[in-house]
Amino acid sequence: MSREKLVVIGNGMAGMKCVDEIIKLAPNKFRITVFGNEQHPNYNRILLSKVLQGDSSIDSIVINDWSWYEERGIHLYTGETVAHIHSDSQYVTTLSGIRADYDHLIIATGSSAFIPPIAGVHKSGVISFRNIDDCKTMIEYAKKYKKAAVIGGGLLGLEAARGLLNLGMETDVIHNAPYLMNRQLDRMSSDMLRKELEEQGMRFWLSRETESITGLNRAKGIRFTNGSSLEADLIVISVGIRPNVELAQKSGIDTNRAIIVDDHMRTSKTYIYAVGECAEHRGVAYGLVAPLYEQGKVLAKSICGHISEPYLGSVPYAQLKVSGVEVFSVGEIRPEEAETAIQQFDGIRGTYKKVTMKEGTVRGAILFGDTAEGTTLLGLVKRRAAVAELIAPPSVGGSSANDELAANMPERETVCACNAVNKSAIMCAVIEDGLQTLEQVRDRTKASSSCGGCRPIVAAIVHYSLQHGKGALEAAVPPICSCTDTSHEMLKQYVAANQTSTIHELKTTLGWKSLSGCNVCSSALQYYLELYHPETTIRDRNITAECSFNVDTAPTNPDLISGLHAEFDSVSLRSELQSCCASLLFPAPVKAAITSSIQYPVGILVHDIGITGAPAGWEIYAGGHAEHPVKQGQLIAVAESNMQALALSAALLQLYRENAEFGERMWKWVERAGIIDIREIILDSRCQVELNGRAQLAAAAQQRMKGLGEGKCSNR
C-alpha cells in the first residue's frame, strides 16, 4: 500500500515534535517531507542562551541530528523557504522552485522577533536573538567590540544579556516598564532579580523608551525619548515575538494574530493544519514549549486517524535560569487578579515564594532563588486545586529542599511539564532500568530535555532513587493499612500473578504484621482475590467486599425521545446497564444516573457515572460527587445509540474496577488517573472490546459463584 504524502513547513521544535509523535503512532503511514529555512537540523531554541553563557555548545542543543531524519526516511530540505501553498491542487512550491505534493500539510513556521518601529533599527549592528545565526553573530561581535545593549527586560532579553556578559561585553538592558519581567513577576521578586543581575555586572535603564539608533553606517548607540543617550556597538532587540503567518495569509487560510486553528489544530483549509507559535487556538498564540508539545501530540493523533482528545488550551508559565539565578512564574499573580495565599521571603538564602488564590483555589505562583516547587505549583494551578493542598508536609531533618521535595512528591506528579514525565517514570528509569546519571535519565525519559527548568528536581529524584533503591518506589506509595507494608498496587500485582485462593494464605505469604488483620485490609484482600480469580476464590463469609451498583433514571417523555433521537430510551438503557453490571464487584459503591434529556435532570453531573440524551447523542460523564467535596462529572464520550452508550459505560466501569484501589470512590480515581488518559483508553476500539470482554467474563463467573452458593453479593 502506498504511503500518504505529508509535508511539514518548518523544522522547529513544535513541528518536529509532531512528526516524532506521528512516526511513533503510525511509522509506515506517511512519506514525510520537511522544509526548514535554516541550514541546521532541528535544535532546541530555548537553549541558545546556554550557548552564549558557555554552558552548552551548538552541537549539544541539537534535538534531532541529520541521521535521525535519514533513519526515518524523512526528506529534509534545509535553507529552503516555501513561497506558495496551492491548497486546491494540494502542493507547495519553494522560492528556489522545488515542488512537493501533499495529502496532509502541517504549517509550523513558528515566529520571528518583533522589531519595533525605531528609527535606525535596520542598521548594521542591530540584531534580534532567535536562532543559531544570531547566536554566532553575537559571539563574533564580542571578539571586536566591548559595549552591548539589549532592548527588552523580559525573559529572552535577560537571557541574551547574561550571554553577552559571559562573552566579555559590557551590557546594558533597556526596559520600558518600572521593573524587570513585569508580566511574570511582582515588584519584590523583580527587585531581587535586578539586584542579583547587577551584582553580575548588568546595568539597567528602566522606564525608558527608545527613540532611535544612533550612528551613520552602523549602530553606535541609543537615544531615548527623554533626550539622554547610551553608547553601544551591538544592540539586541528582544521585545516580543510575531507569529509567521504571511504564507498562510496569501494562501487564503484564515488568520488573526496567528493562524486560526480548531481543537484538533485544523485550519480553515481542508487537510492543512498548524501547530506551534504560528497557531492561534481560541484566541491565544503560545510562545512556550510545553503548550506547543501538547498541540503536537493532539495533531499527531488526529492526522493518524486515532481518536484524539481535543486540545483545550494550556496554562503558560515562565522559567528563567541565568548564572545561578532561578525564577519561576505561572498564572494570575497581579493583585487585581487574585489575592495572596502564601508569601515567604528569606533574605539570607535569597529566596522568595508567593502563591495566589481566588475563590478558594490556587491561581498563580512566583518562585525566586529556589524553583524546585515549580512543577508542583504548576500542577496545582492547572487543575485549580483547593488552597488546602498548599499545606506543606513535615520537614525531613538534614535534607536539602530539593531532596525533601523529591521524597515527598507523589509518584504520579508531573515533574517535566514540557514532556509530561512524572516522578514514577524517573524513579523506574533509575531503579528498574539501572540508569545512573541525570543525562541518562534525560535521554530515556525526555525529562529536562526541553526548557531545562525542571533539571534540579529531576536531579534530586535521580539522587533519591539511587540512595534508597527499590525501597524508594515502595515508599512512594502508602501501605493499605498499619497491618502491612504492602500497597494496593503491590497487592494487586501479586494477586494477579499468583493463584492464591484464601486471605490467610495471602497474609502469610506477603508477611502481614498481624494475620488477623483489620476490616480495611481483609476487605481489600477479598476484593482483589475475587477481581482476579473469581472462579477459585474461597469467600470468607465474615468479610464484605463492596459490590453495590445502582442506577437512577428520570421519567421518559416519548415525544421528546422521538424528537431528539429514535433510540433515546433511558428506561431501556438503565435495564441493560443494570443487567450488565449488577453482579460485578466494585472497589466502592457506584451510583449511576440516566435521563433521556437534560430537561429531566437526575443529578447527572454529581453521580459516579451520568448519562444524558443530547442533540449529538448520549453524553456520558464520570467522576461526579454530590456530597462534600462536591465534584462535577467530566465528559467521557458521546454515543450515537443505546448499544454504543452501553459499551462505553461498561468499558469505563471495568477500567475503574481494574485500576482503582479498593475503597477508592470513582471521583477520586478519575482525579488520580486523569480524565485524558481515561478517555484515550475508553475511546480506543480495541481496548473497549477487551474491557467489555473481561467484564462479561467476570459477571458470568460471579453468577456461577452465586449458583454454587459460595458467596452472596447484595446489590443495593
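This passage walks through a parallel sheet with two helices packed on it, and then through a group of helices further along the chain, in a predicted model.

The sheet is a good place to start. Five strands, in the order β11-β18-β12-β13-β14, make up an open sheet, and their pairing is parallel. At the edges lie β11 (126-128) and β14, each of which pairs on one side only. On average, and with direction ignored, neighbouring strands of this sheet are turned by 20 degrees against each other.

Within the sheet, strand β12 (residues 147-151) pairs with β13 in the parallel sense over 5 bridges. I151 has I174 of β13 as its bridge partner. Helix α5 (residues 155-166) packs on this sheet and touches β12, β13, β14 and β18. The direction of α5 makes about 165 degrees with that of β13.

Moving on to the edge strand β14, 4 bridges join strand β13 (residues 170-175) to β14, and the two run parallel. V173 is bridged to F204 in β14. In a regular strand, side chains alternate between the two faces of the sheet. Strand β14 (residues 203-206) shows such an alternation: F204 and L206 point to one face and are buried, whereas R203 and W205 point to the other and are not buried. F204 is thus met twice here, as the bridge partner of V173 and as one of the buried residues of β14.

Attention now turns to the helices. Two packed helices are described by the angle between their axes and the distance between the axes. For helix α20 (residues 642-659) and helix α22 (residues 675-683), the packing angle is about 125 degrees and the axes are 10 Å apart. Because of this angle, α20 is oblique to α22. Their crossing is right-handed. On the α20 side, the contact involves L648, A651, L652 and L655, which meet I678, I681, I682 and L683 of α22. The residues of this contact comprise 8 nonpolar ones, with no polar and no charged residue among them.

A residue of another helix also reaches both α20 and α22. Q688 has its place in helix α23 (residues 685-707). Leaving aside residues up to four places away in sequence, Q688 touches A647, L648, A651, I681 and I682. Of these, L648 and A651 in α20 and I681 and I682 in α22 also take part in the contact between those two helices. Q688 has a relative accessibility of 16% and therefore counts as buried.

Note on methods
Residues are numbered from 1 along each chain as its sequence is written. This is a predicted model: local features need pLDDT of at least 70, side-chain atom pairs count only at pLDDT 80 or more; totals for chains, interfaces and linings use all residues. Side-chain values use heavy atoms; hydrogens and water are left out. Axes are lines fitted to C-alpha atoms, for helices over the stretch in contact, and angles run from 0 to 180 degrees between N-to-C directions. Angles under 35 degrees count as roughly parallel, over 145 as roughly antiparallel, 65 to 115 as roughly perpendicular and the rest as oblique. A crossing is left-handed if the near helix is turned anticlockwise from the far one by less than a right angle, and right-handed if clockwise. Contact means heavy atoms within 4.5 Å. Ala, Val, Leu, Ile, Met, Phe, Trp, Tyr, Cys and Pro count as nonpolar, Asp, Glu, Lys and Arg as charged, and the others, Gly among them, as polar. Buried means under 20% relative accessible area, exposed over 50%, partly exposed in between (1.4 Å probe, protein chains only). Two strands pair if DSSP finds at least two bridges between them.
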